[in-house]
Amino acid sequence: MHRFFIPQLYQEKMSITGVDARHISKVLRMQPGQELQIVSDDGVSALAEVQEIHENEVIVHCLEKLAESHEPLVKITLAQGLAKGEKMDFIVQKAVELGATSIVPIAMEHSVVRLDGAKAVKKVERWQKIAEAAAKQSKRDIIPQVHAVQSVKEMLASNNCSTKIIAYECEDRCSLKQALHQAGHLEELLLIIGPEGGISETELELARQAGAVPVSLGHRILRAETAGLVAMSAIFYETGDLGD
(Lines give C-alpha, C1' and ligand atoms only; values in the text may rest on other atoms or scores of the structure.)
Protein backbone atom coordinates (compact mmCIF):
# COMPACT_ATOMS: atom_id res chain seq x y z
CA MET A 1 0.00 0.00 0.00
CA HIS A 2 1.32 3.43 -0.92
CA ARG A 3 2.50 5.72 1.89
CA PHE A 4 2.63 9.52 1.85
CA PHE A 5 4.14 12.02 4.28
CA ILE A 6 1.91 15.02 5.01
CA PRO A 7 3.47 18.16 6.58
CA GLN A 8 0.44 18.74 8.82
CA LEU A 9 -0.52 17.74 12.34
CA TYR A 10 -2.73 14.66 12.45
CA GLN A 11 -6.48 15.10 12.07
CA GLU A 12 -9.26 12.95 10.69
CA LYS A 13 -9.48 14.89 7.42
CA MET A 14 -6.19 15.75 5.74
CA SER A 15 -4.95 17.22 2.47
CA ILE A 16 -2.19 15.87 0.23
CA THR A 17 -0.87 18.53 -2.13
CA GLY A 18 1.83 19.22 -4.71
CA VAL A 19 3.89 16.46 -6.30
CA ASP A 20 2.31 13.72 -4.17
CA ALA A 21 -1.22 14.80 -5.17
CA ARG A 22 -0.30 14.71 -8.84
CA HIS A 23 1.36 11.31 -8.36
CA ILE A 24 -1.83 9.94 -6.80
CA SER A 25 -4.08 11.28 -9.55
CA LYS A 26 -1.91 11.06 -12.68
CA VAL A 27 0.45 8.13 -12.03
CA LEU A 28 -1.35 5.86 -9.59
CA ARG A 29 -4.75 6.90 -10.99
CA MET A 30 -6.38 6.32 -7.62
CA GLN A 31 -10.10 6.87 -7.22
CA PRO A 32 -12.29 8.00 -4.29
CA GLY A 33 -12.83 5.07 -1.96
CA GLN A 34 -9.34 3.61 -2.40
CA GLU A 35 -7.05 3.36 0.61
CA LEU A 36 -3.52 4.56 1.29
CA GLN A 37 -1.30 5.23 4.29
CA ILE A 38 -0.30 8.65 5.59
CA VAL A 39 2.28 9.85 8.09
CA SER A 40 1.57 13.24 9.66
CA ASP A 41 4.13 15.82 10.74
CA ASP A 42 3.73 14.76 14.38
CA GLY A 43 4.67 11.16 13.56
CA VAL A 44 1.23 9.56 13.44
CA SER A 45 0.80 6.78 10.88
CA ALA A 46 -2.72 6.05 9.70
CA LEU A 47 -4.80 4.16 7.19
CA ALA A 48 -6.79 6.64 5.12
CA GLU A 49 -9.44 6.63 2.41
CA VAL A 50 -9.36 8.94 -0.59
CA GLN A 51 -12.42 11.22 -0.58
CA GLU A 52 -11.76 13.83 -3.25
CA ILE A 53 -9.19 14.11 -6.04
CA HIS A 54 -8.32 17.44 -7.63
CA GLU A 55 -5.47 18.45 -9.92
CA ASN A 56 -3.16 19.61 -7.12
CA GLU A 57 -4.90 18.33 -4.01
CA VAL A 58 -6.19 15.03 -2.67
CA ILE A 59 -8.50 15.00 0.36
CA VAL A 60 -8.31 11.90 2.55
CA HIS A 61 -10.27 10.72 5.57
CA CYS A 62 -8.25 8.85 8.20
CA LEU A 63 -9.86 5.54 9.13
CA GLU A 64 -7.54 4.29 11.89
CA LYS A 65 -4.17 4.98 13.43
CA LEU A 66 -1.50 2.35 12.82
CA ALA A 67 0.21 1.26 16.02
CA GLU A 68 3.06 -0.74 14.45
CA SER A 69 6.33 1.17 14.24
CA HIS A 70 8.68 0.75 11.30
CA GLU A 71 11.56 2.52 13.02
CA PRO A 72 14.57 0.69 14.52
CA LEU A 73 15.24 0.85 18.25
CA VAL A 74 18.76 2.16 17.60
CA LYS A 75 18.97 5.53 15.88
CA ILE A 76 21.94 5.44 13.50
CA THR A 77 23.50 8.57 12.07
CA LEU A 78 25.56 7.59 9.04
CA ALA A 79 28.49 9.97 8.52
CA GLN A 80 29.58 9.06 5.01
CA GLY A 81 32.73 10.30 3.29
CA LEU A 82 31.77 11.82 -0.06
CA ALA A 83 31.83 9.22 -2.81
CA LYS A 84 32.09 10.00 -6.52
CA GLY A 85 29.51 9.73 -9.28
CA GLU A 86 26.14 8.28 -8.37
CA LYS A 87 27.52 6.32 -5.43
CA MET A 88 26.22 8.85 -2.90
CA ASP A 89 22.73 8.58 -4.40
CA PHE A 90 22.91 4.82 -3.89
CA ILE A 91 24.26 5.14 -0.35
CA VAL A 92 21.52 7.57 0.70
CA GLN A 93 18.76 5.45 -0.82
CA LYS A 94 19.90 2.17 0.73
CA ALA A 95 20.80 3.68 4.11
CA VAL A 96 17.25 5.04 4.40
CA GLU A 97 15.78 1.69 3.37
CA LEU A 98 17.85 -0.06 6.03
CA GLY A 99 16.78 2.36 8.77
CA ALA A 100 19.26 5.24 9.13
CA THR A 101 17.82 8.13 11.13
CA SER A 102 20.03 10.74 9.50
CA ILE A 103 22.89 11.00 7.02
CA VAL A 104 25.81 13.42 7.12
CA PRO A 105 27.89 13.78 3.93
CA ILE A 106 31.52 14.33 4.98
CA ALA A 107 34.20 16.13 2.95
CA MET A 108 37.29 14.12 3.88
CA GLU A 109 40.97 14.46 3.02
CA HIS A 110 40.92 11.54 0.58
CA SER A 111 37.54 12.32 -0.99
CA VAL A 112 37.76 12.46 -4.77
CA VAL A 113 34.64 14.64 -4.89
CA ARG A 114 34.89 18.29 -3.86
CA LEU A 115 31.63 20.08 -3.10
CA ASP A 116 31.19 23.63 -1.88
CA GLY A 117 28.79 26.56 -2.10
CA ALA A 118 25.77 26.26 -4.37
CA LYS A 119 26.93 22.92 -5.78
CA ALA A 120 26.92 21.35 -2.31
CA VAL A 121 23.46 22.80 -1.55
CA LYS A 122 22.01 21.37 -4.79
CA LYS A 123 23.51 17.95 -4.08
CA VAL A 124 22.04 17.87 -0.56
CA GLU A 125 18.62 18.87 -1.96
CA ARG A 126 18.87 15.96 -4.42
CA TRP A 127 19.87 13.53 -1.68
CA GLN A 128 16.99 14.71 0.51
CA LYS A 129 14.53 13.94 -2.30
CA ILE A 130 16.09 10.49 -2.68
CA ALA A 131 15.73 9.97 1.08
CA GLU A 132 12.05 10.93 0.95
CA ALA A 133 11.33 8.55 -1.93
CA ALA A 134 13.16 5.73 -0.14
CA ALA A 135 11.27 6.44 3.08
CA LYS A 136 7.95 6.13 1.25
CA GLN A 137 8.97 2.92 -0.50
CA SER A 138 10.27 1.24 2.66
CA LYS A 139 7.28 2.34 4.82
CA ARG A 140 9.36 4.47 7.18
CA ASP A 141 7.61 6.53 9.88
CA ILE A 142 9.99 9.44 9.32
CA ILE A 143 11.88 11.04 6.46
CA PRO A 144 15.54 10.84 7.53
CA GLN A 145 17.38 14.14 7.26
CA VAL A 146 20.34 14.54 4.95
CA HIS A 147 22.50 17.22 6.57
CA ALA A 148 24.67 19.81 4.86
CA VAL A 149 28.12 18.71 3.72
CA GLN A 150 30.51 19.03 6.67
CA SER A 151 34.14 18.45 7.56
CA VAL A 152 35.06 15.68 10.00
CA LYS A 153 35.73 18.26 12.70
CA GLU A 154 32.35 19.98 12.16
CA MET A 155 30.49 16.67 12.18
CA LEU A 156 32.12 15.47 15.39
CA ALA A 157 31.52 18.81 17.13
CA SER A 158 27.80 18.78 16.32
CA ASN A 159 27.11 15.12 17.10
CA ASN A 160 26.24 14.02 20.64
CA CYS A 161 25.69 10.27 20.17
CA SER A 162 27.02 8.39 23.18
CA THR A 163 28.35 5.59 20.96
CA LYS A 164 30.60 6.44 18.02
CA ILE A 165 32.15 3.89 15.67
CA ILE A 166 34.56 4.49 12.80
CA ALA A 167 35.23 1.74 10.25
CA TYR A 168 38.98 1.67 9.60
CA GLU A 169 40.58 -0.75 7.13
CA CYS A 170 43.84 -1.01 9.10
CA GLU A 171 42.15 -1.93 12.39
CA ASP A 172 42.96 -5.52 13.35
CA ARG A 173 42.15 -5.68 17.07
CA CYS A 174 38.51 -4.67 17.51
CA SER A 175 35.65 -5.99 15.40
CA LEU A 176 32.31 -4.24 14.99
CA LYS A 177 30.66 -6.99 17.03
CA GLN A 178 33.12 -6.51 19.91
CA ALA A 179 32.58 -2.74 19.89
CA LEU A 180 28.80 -3.16 20.02
CA HIS A 181 29.02 -5.59 22.95
CA GLN A 182 31.35 -3.24 24.81
CA ALA A 183 28.96 -0.35 24.26
CA GLY A 184 26.13 -2.23 25.98
CA HIS A 185 22.61 -0.83 25.62
CA LEU A 186 22.38 1.25 22.44
CA GLU A 187 19.96 4.06 21.71
CA GLU A 188 21.91 6.32 19.38
CA LEU A 189 25.00 5.51 17.34
CA LEU A 190 27.26 7.51 15.03
CA LEU A 191 28.75 5.39 12.24
CA ILE A 192 31.65 6.97 10.35
CA ILE A 193 32.57 5.57 6.92
CA GLY A 194 35.39 6.82 4.71
CA PRO A 195 35.40 7.70 0.98
CA GLU A 196 37.08 5.71 -1.81
CA GLY A 197 40.52 6.91 -0.70
CA GLY A 198 40.00 5.82 2.89
CA ILE A 199 40.31 7.66 6.20
CA SER A 200 43.46 9.66 6.91
CA GLU A 201 45.44 9.25 10.13
CA THR A 202 44.54 12.82 11.10
CA GLU A 203 40.83 12.12 10.68
CA LEU A 204 41.16 8.87 12.61
CA GLU A 205 42.84 10.70 15.48
CA LEU A 206 40.13 13.39 15.52
CA ALA A 207 37.49 10.66 15.72
CA ARG A 208 39.36 8.87 18.51
CA GLN A 209 39.62 12.10 20.50
CA ALA A 210 35.85 12.52 20.16
CA GLY A 211 35.30 9.04 21.60
CA ALA A 212 34.91 7.03 18.40
CA VAL A 213 36.04 3.40 18.46
CA PRO A 214 37.93 2.17 15.34
CA VAL A 215 36.56 -1.17 14.16
CA SER A 216 37.23 -3.76 11.49
CA LEU A 217 34.42 -4.84 9.14
CA GLY A 218 36.12 -8.15 8.38
CA HIS A 219 39.00 -9.60 6.39
CA ARG A 220 38.04 -8.03 3.06
CA ILE A 221 38.28 -4.40 1.99
CA LEU A 222 34.82 -3.04 1.20
CA ARG A 223 34.04 -0.25 -1.23
CA ALA A 224 32.86 3.13 0.07
CA GLU A 225 29.32 2.43 -1.12
CA THR A 226 29.28 -1.01 0.51
CA ALA A 227 30.94 -0.52 3.90
CA GLY A 228 28.25 1.61 5.54
CA LEU A 229 25.42 -0.64 4.41
CA VAL A 230 27.23 -3.77 5.65
CA ALA A 231 27.94 -2.12 9.01
CA MET A 232 24.36 -0.91 9.41
CA SER A 233 22.99 -4.36 8.60
CA ALA A 234 25.31 -5.92 11.19
CA ILE A 235 24.31 -3.36 13.82
CA PHE A 236 20.61 -3.90 13.25
CA TYR A 237 21.12 -7.67 13.32
CA GLU A 238 22.99 -7.49 16.62
CA THR A 239 20.30 -5.25 18.13
CA GLY A 240 17.43 -7.47 17.00
CA ASP A 241 15.97 -5.16 14.37
CA LEU A 242 16.17 -7.73 11.54
CA GLY A 243 14.06 -10.29 13.39
CA ASP A 244 14.51 -12.78 16.22
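**Exercise 1.** Which residues in α3 are buried? Then check the length of the helix and find its packing partners.

*Solution.* The model is predicted.
Step 1. The buried residues in α3 are A120, V124, W127, I130, A131, A134, A135 and K136.
Step 2. Helix α3 covers residues 117–137, which is 21 residues; at 1.5 Å a residue the expected span is 30 Å, and the end C-alpha atoms lie 31 Å apart, so the two values agree.
Step 3. The buried residues of α3 pack against two helices, α1 (18–27) and α2 (87–98), and against the strands β1 (3–5), β7 (102–107) and β8 (145–146).
Step 4. After α3 comes K139, with a positive phi near 60°.

**Exercise 2.** Determine whether D20 is buried or exposed, and list its contacts.

*Solution.*
Step 1. D20 sits in helix α1.
Step 2. The relative accessible area of D20 is 11%. Buried means under 20%, so D20 is buried.
Step 3. With neighbours within four places in sequence left aside, D20 is in contact with F4, F5, E132 and K136. K136 is also among the buried residues of α3.

**Exercise 3.** Describe the largest nonpolar core and say which element gives the most to it.

*Solution.*
Step 1. This core has 41 residues, and W127, I165, L189, L191 and M232 touch the most other members.
Step 2. Two or more residues come from each of β6 (75–81), α2, α3, β10 (163–167), α5 (176–183), β11 (188–193) and α7 (224–238).
Step 3. With seven residues, α3 gives the most.
Step 4. Beyond four places in sequence, L189 touches V74, K75, I76, T77, C161, T163, I165, L180 and I235.
Step 5. A second, separate core has 16 residues, including M108, V152, L190 and A207.

Technical notes: Residues are numbered from 1 along each chain as its sequence is written. This is a predicted model: local features need pLDDT of at least 70, side-chain atom pairs count only at pLDDT 80 or more; totals for chains, interfaces and linings use all residues. Side-chain values use heavy atoms; hydrogens and water are left out. Helices (H or I, at least four residues) and strands (E, at least two) are DSSP runs, numbered from the N terminus. The expected span of a helix is 1.5 Å times one less than its number of residues. Buried means under 20% relative accessible area, exposed over 50%, partly exposed in between (1.4 Å probe, protein chains only). Contact means heavy atoms within 4.5 Å. A nonpolar core is a set of buried Ala, Val, Leu, Ile, Met, Phe, Trp, Tyr and Cys residues joined through side-chain atoms within 4.5 Å.
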